[in-house]
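Let's take a friendly walk through this fold, one piece at a time. Keep the sequence and the 3D view at hand as you read.

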Amino acid sequence: SQLKFHMDEKINVVRIEICDYVTYFGYEYTGNCGCLVVTPLTDRCYITLTQAMRLILGGAPAGPAGTGKTETTKDLGRALGVMVYVFNCSDQ
């Protein structure tokens, strides 16, 4: 993944960088769970979602069922240490 984690010794927090997006680790407890295998598509989703966050926008991954949209979004939130809420708005 292109997520880079750096310890900022001056303010004693973890800084996260990807492309030109910079944030600080949120320290949200998400439990002890596995992480996804990083593929080029996963990395592209991470970049797209973090760039949307940089622009103070949101993201809504779309595509066929079972392709890992929810898991990718939750894994990015876990990596950033922020809470992720998933709303299934399907009519099914």
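What covers the buried residues of H1? The cover includes strand E2 (13-18), strand E3 (21-24) and helix H2 (69-80). Please keep in mind that this is a predicted model.

## Helix H1

Helix H1 takes in residues 40-54, 15 residues in total. At 1.5 Å a residue, a helix with that many residues should span 21 Å, and the end C-alpha atoms of H1 are indeed 21 Å apart, so the two values agree.

Which residues of H1 are buried? They are Thr42, Asp43, Tyr46, Leu49, Thr50, Gln51 and Ala52. If you follow the chain just past the end of H1, you come to isoleucine 56, which takes a positive phi of about 55°.

## The sheet

Three strands make up an open sheet, in the order E1-E2-E3, and their pairing is antiparallel. Strand E1 (4-8) and E3 are the edge strands, each pairing on one side only. On average, neighbouring strands of this sheet are turned by 25° against each other, with direction ignored.

In general, the strands of a sheet pair through backbone hydrogen bonds, in either a parallel or an antiparallel way. Here, E1 and E2 are joined in the antiparallel sense over five bridges. To find a bridge on your screen, look for aspartate 8: its bridge partner in E2 is valine 13.

## The nonpolar core

Nine residues form the largest nonpolar core: Leu3, Ile16, Ile18, Tyr21, Tyr46, Leu49, Leu76, Ala79 and Leu80. E2, H1 and H2 are the elements that give two or more residues to this core. The largest share comes from H2, with three residues.

Isoleucine 18, one of the core residues, is a handy place to zoom in. Leaving aside residues up to four places away in sequence, isoleucine 18 touches Gln2, Leu3, Tyr46, Ile47, Thr50 and Gln51. Among these contacts, Tyr46, Thr50 and Gln51 also appear in the list of buried H1 residues.

## An aromatic pair

How many aromatic pairs does the structure hold? There is one. Phenylalanine 25 and tyrosine 27 form this pair, which is edge-to-face, with 4.9 Å centre to centre and 90° between the planes.

Why does phenylalanine 25 count as partly exposed? Its relative accessibility is 24%, and the partly exposed class lies between the buried limit of under 20% and the exposed limit of over 50%.

Key:
Residues are numbered from 1 along each chain as its sequence is written. This is a predicted model: local features need pLDDT of at least 70, side-chain atom pairs count only at pLDDT 80 or more; totals for chains, interfaces and linings use all residues. Side-chain values use heavy atoms; hydrogens and water are left out. Helices (H or I, at least four residues) and strands (E, at least two) are DSSP runs, numbered from the N terminus. The expected span of a helix is 1.5 Å times one less than its number of residues. Buried means under 20% relative accessible area, exposed over 50%, partly exposed in between (1.4 Å probe, protein chains only). Contact means heavy atoms within 4.5 Å. Two strands pair if DSSP finds at least two bridges between them. Axes are lines fitted to C-alpha atoms, for helices over the stretch in contact, and angles run from 0 to 180 degrees between N-to-C directions. A nonpolar core is a set of buried Ala, Val, Leu, Ile, Met, Phe, Trp, Tyr and Cys residues joined through side-chain atoms within 4.5 Å. Rings of Phe, Tyr and Trp (its six-membered ring) pair if their centres lie within 6.5 Å; planes under 30 degrees apart count as stacked, over 60 as edge-to-face and the rest as tilted.
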